[in-house]
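Good morning, colleagues. Please look at the structure on the screen while I take you through several of its local features.

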Amino acid sequence: MTTWLAALRELQDAATPAVLVTVAEIQGSTPREAGARMVYTADKQYDTIGGGHLEWRAAQIARAMLEDGAGQLPGQRRLERIALGPSLGQCCGGVVFLAFERVEPSGVGVWKELETHWRNGTDIWRALPLDNADPVQLYETDGEACDLNAPDHGLHATLFRDAHKTCLARDAHGRRWLLDLCRAHRPQVVLFGAGHVGAAIVKVLSNLPCRVLWVDEREDMFPEQLAPQITVEATDVPNAAVDMAEPGAYYLVMTHSHALDQQLTERILKRDDIGWFGLIGSYTKRKQFEHRLAERGITQEQLNRMTCPIGIPGIYGKEPASIAIAVAAQLMQLWELRFTQSRHKFPPAMATHALDGRG
């Protein structure tokens, strides 16, 4: 599945008009959370905002905007309130506010800057005016405008600091805005090995909330087209990539060489700030590595930080796709646990019901 940002990049390179649909706010039970996004062209769609009749209705609106052209505001920006009740044929029962924005090829600069933030692992706000055709504005998470020369739009920094997630808001002049928090793909996964299994894992991770540093000596093994959050490091010294990783990174080692696997394992275990480390292989391989690494001074405490074999229990297929699903699920469990442990640090966003029904 192509993500919305990758789709916009490709569509703008091809000079294809599109409509970006963002779940701006939700009430009650809904298929997706605020901040979910989807891209429509005249005949294609990318990513998802929940499927079913909700997407069918969104497609109707988006394609009508494409037919209207870009000359008038209704053809550029819309806010729609959609109830997920019997009339729409969905049983969720909640309400979804969808923001529609026509994206022209001339606006490629915003998406390139957003992509740069994603690659760097930093969050950024998109501020979309809903009552006029002014350009999208980008803001740092502290509410400071990325363009220091931009005029004052009446968006105080407290609006961003208090929101915590994508929402609807009004500026100091009473104008409506979509404040869209574009969270960077993180945490960082450092994957060594561009073989069949490595490629299958990267394919799955491309659609998950993480960033991947993909390392191999063989430059010709990497695909030409990769998702924005995938960074390739083709190097003759893959060991050095261990030192490039961020504190708390998640490591996966699955190269074409057991000798290289062992070198990487030793270097990773010597770091005291790894988030998790997985080594592909059997229990026999683990025992061999433990014995060899112990002789090289790696302590038992350090060895206990190595996960081998990798993948969640219950999935035993050895096909690359099966291994990729098992490993991705294992990583997601770790990330969910970390999120649960840190969630108390982030209070829930304040509701913005002042905009209800004004689309």
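Proline 309 sits in the loop that runs between strand S15, residues 306-307, and helix H10. The model before you is a predicted one. What is the geometry of the peptide bond from cysteine 308 to proline 309? That bond is cis, and its omega is near 5°.

Proline 309 also leads us to a pocket. The second largest pocket of the model has a volume of about 390 Å³. It is lined by 16 residues, and the closest to its centre are Pro309, Ile310, Ile315, Tyr316 and Gly317. The proline of the cis peptide bond is therefore one of the residues listed as closest to the centre of this pocket. Which element gives the largest share of the lining? That element is helix H10, residues 320-342, with three residues. By class, the lining of this pocket consists of eleven nonpolar residues, four polar residues and one charged residue.

Let me turn from the pocket to enclosed space. Rolling a probe the size of a water molecule over the atoms shows where empty space is left. How many cavities of 30 Å³ or more does a search of the whole structure find? The search finds one. The volume of the largest cavity is about 40 Å³. Its lining is formed by Phe192, Gly193, Val215, Asp216, Glu217, Pro238, Thr255, His256 and Leu260. Sorted by class, this lining has four nonpolar, three polar and two charged residues.

I come next to helix packing, with two pairs to show.

The first pair is helix H7, residues 258-269, and helix H8, residues 283-295. Their axes come within 11 Å and cross at roughly 60°. Because angles from 65 to 115 degrees count as roughly perpendicular and those under 35 as roughly parallel, H7 and H8 are oblique to each other. The crossing of these two helices is right-handed. On the H7 side, the residues that meet H8 are His258, Asp261, Gln262, Thr265, Glu266 and Leu269. Their partners in H8 are Lys285, Phe289, Arg292 and Leu293. This contact comprises three nonpolar, three polar and four charged residues.

The second pair is helix H1, residues 4-13, and helix H3, residues 108-120. They pack at an angle of about 140°, and their axes are 10 Å apart. Roughly antiparallel would call for an angle over 145 degrees, so H1 and H3 are likewise oblique to each other. Is their crossing left-handed or right-handed? The crossing of H1 and H3 is left-handed. From H1, the contact involves Trp4, Leu5, Leu8, Arg9 and Gln12. From H3, it involves Val108, Trp111, Leu114, Glu115, Trp118 and Arg119. Seven nonpolar residues, one polar residue and three charged residues make up the contact of H1 with H3.

I close with the backbone. Alanine 15 is in the loop between H1 and strand S1, residues 18-27. Although alanine 15 is not a glycine, its phi is positive, at about 55°. Aspartate 47, for its part, belongs to strand S3, residues 45-47. Aspartate 47 is not a glycine either, yet it has a positive phi of about 70°.

Thank you for your attention.

Terms used:
Residues are numbered from 1 along each chain as its sequence is written. This is a predicted model: local features need pLDDT of at least 70, side-chain atom pairs count only at pLDDT 80 or more; totals for chains, interfaces and linings use all residues. Side-chain values use heavy atoms; hydrogens and water are left out. Axes are lines fitted to C-alpha atoms, for helices over the stretch in contact, and angles run from 0 to 180 degrees between N-to-C directions. Helices (H or I, at least four residues) and strands (E, at least two) are DSSP runs, numbered from the N terminus. A crossing is left-handed if the near helix is turned anticlockwise from the far one by less than a right angle, and right-handed if clockwise. Contact means heavy atoms within 4.5 Å. Ala, Val, Leu, Ile, Met, Phe, Trp, Tyr, Cys and Pro count as nonpolar, Asp, Glu, Lys and Arg as charged, and the others, Gly among them, as polar. On a 1 Å grid over the protein atoms alone, a cavity is a set of points where a 1.4 Å probe fits but cannot get out, and a pocket is an open set with protein on both sides within 12 Å along at least five of seven lines; lining residues have an atom within 4 Å of a point. Grid points are joined across faces, edges and corners, and a volume is the space filled by probe spheres set on the points.
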